[in-house]
Amino acid sequence: DSKESVGEQLDYTLTGIESGAGIMVATDKALEEYDNLEGWEVSSSSSAVMTEQLGNAIENKEPIIVTGWTPHWKFAEYDLKYLEDPKEAYGSTEHINTIVRKGFEEDMPKAAKILDNFKWTPDDMQSVMLELQEGTDPVKAAKNWIENNGDKVDEWTKGIEDGSGTVKLAYVPWQSEISSTHVISEVLKQKGFETDLTQAGIGPMFQAIADGDSDAMTSAWLPRTHGDHYEKFKDEFVDLGENLDGAKIGLVVPKYMDIDSIEDLQP
Ligand code: PBE
């Protein structure tokens, strides 16, 4: 019945992802900060289930509100929009930083320089994510991107001699992080290094860098998404700065939905 409010149609539920993700923490904050979201909740599942439910809703032209982020292939696949967030519960623009353990730059200066030089765009990351979504193996998807973007890779490695030794990379197995980590891993391998990739949750990933158990991560979404973890450990790692600018998190809906702002939702 089209006379039902969006809240009624959705049973007052936002479609979330893995609990513990930065965007889920931000969503809890949004639910607190917006008085009009009283009575709403967020379901937790996984990124894969979220995109599946989004796809199903769009196929049936039904309403859905998901926790969404950029870069992500869903924006290439579907007509979507972010709901305005006047209270900035989700922050504004995010960037993604590369972080290394203390002492790594001294121990492996060539590898550290390559990691420091690593910088790409949301479109670059999104194209690798799309390949993953289509079923390509992460190493192959990374190699394909490298093959098609030799000019960028040359920039990251220019004037750096081949090295040796193993670089230990930690990452959370989200498609965005799988993409960046495999791309930088393949570039390091092309320059003579070996790499050792370890999957972890966000907190354990920061902890591993702080403890020196891992050398580097390319997955710190800042200032908001992983801000709490960053603050907790910031004296115990070295921040090499941005590897991607123009990331974003928020509530995302199909364009056919008749709402534009979080404030349009009714309690
Ligand atoms: N994400 C993708 C993560 C970071 C990368 C936006 C789902 C999050 O912590 O929310």
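This briefing walks through the domains, the core, a helix pair and a few unusual spots in the structure above. Keep in mind that the model is predicted. The domain assignment splits the protein into domain 1 (6-92 + 249-264) and domain 2 (95-247). A nonpolar core of 68 residues is the largest one here, and it lies between the two domains because both of them give residues to it.

**How the two domains meet**

- Start with the spacing: the C-alpha centres of domain 1 and domain 2 are 28 Å apart.
- Where they touch, domain 1 puts in 14 residues and domain 2 puts in 16 residues.
- On the domain 1 side, α2 (22-33) and β3 (66-70) are the elements that give two or more residues to the contact.
- Of those, look for α2 in particular, since the largest share of that side, 3 residues, comes from α2.
- What kinds of residues does domain 1 bring to this contact? Sorted by class, its side has 8 nonpolar, 6 polar and no charged residues.

**The largest nonpolar core**

- If you want a place to start in this core, try I99, V100, L115, A216 and M217, which touch the most other members.
- Strand β9 (residues 237-254) supplies the largest share of the core, with 8 residues.
- Why does the core lie between the domains? Domain 1 (6-92 + 249-264) and domain 2 (95-247) both give residues to it, so the core lies between them.
- V100 is a handy one to click on: setting aside neighbours within four places in sequence, V100 is in contact with E105, A112, L115, I209, D215, A216, F237, V238 and L240.
- Two of the names on that contact list, L115 and A216, are also among the core residues that touch the most other members.

**A pair of crossing helices**

- Next, find helix α7 (residues 122-133) and helix α10 (residues 175-190), whose axes are 9 Å apart.
- The two pack at an angle of about 110°, and angles from 65 to 115 degrees count as roughly perpendicular, so α7 and α10 are roughly perpendicular to each other.
- From α7, the contact uses M125, V128, M129, L132 and Q133.
- From α10, it uses Q175, S176, I178, S179, S180 and V183.
- Put the contact residues of both helices into classes and you get 6 nonpolar, 5 polar and no charged.

**Two cis peptide bonds**

- T70 and P71 are joined by a cis peptide bond, with omega about 0°.
- You'll find P71 in the loop between β3 and α4 (74-77).
- L222 and P223 are joined by a cis peptide bond too, again with omega about 0°.
- P223 is in the loop between β8 (216-222) and α12 (227-233).

**Two positive phi angles**

- K61 isn't a glycine, yet its phi is positive, at about 50°.
- K61 is in the loop between α3 (47-59) and β3.
- Is K61 buried or exposed? It has 9 C-beta neighbours inside 10 Å, and 12 or fewer means exposed, so K61 counts as exposed.
- E88 is another residue other than glycine with a positive phi, near 50°.
- The loop that holds E88 runs between β4 (80-82) and β5 (94-101).
- E88 has 13 other C-beta atoms within 10 Å, so it is partly exposed.

**Two more residues to look at: P173 and D196**

- P173 is in the loop between β6 (166-171) and α10.
- With 14 C-beta neighbours inside 10 Å, P173 counts as partly exposed.
- Which residues does P173 contact, leaving aside neighbours within four places in sequence? They are I178 and Q199.
- P173 and Q199 are 26 residues apart in sequence, and their C-alpha atoms are 6.1 Å apart in space.
- I178 shows up here as a contact of P173, and I178 is also one of the α10 residues in the contact with α7.
- D196 is in strand β7 (residues 194-199).
- D196 counts as exposed because it has 12 C-beta neighbours inside 10 Å.
- Not counting residues up to four places away in sequence, D196 touches T166 and K168.
- D196 and D107 are 89 residues apart along the chain, and 16 Å separates their C-alpha atoms.

Notes: Residues numbered from 1 in each chain as written. Predicted model: local features only at pLDDT ≥ 70, side-chain atom pairs only at ≥ 80, totals over all residues. Core = buried A, V, L, I, M, F, W, Y, C linked by C-beta atoms within 7 Å. Buried ≥ 20, exposed ≤ 12 C-beta atoms within 10 Å, placed from the backbone. Helix = DSSP H or I, 4+ residues; strand = E, 2+ residues; numbered from the N terminus. Domains from an automatic or database assignment. Contact = placed C-beta atoms within 7 Å. Nonpolar A, V, L, I, M, F, W, Y, C, P; charged D, E, K, R; others polar. Axes fitted to C-alpha atoms, helices over the stretch in contact; angles between N-to-C directions. Parallel < 35°, antiparallel > 145°, perpendicular 65-115°, else oblique.
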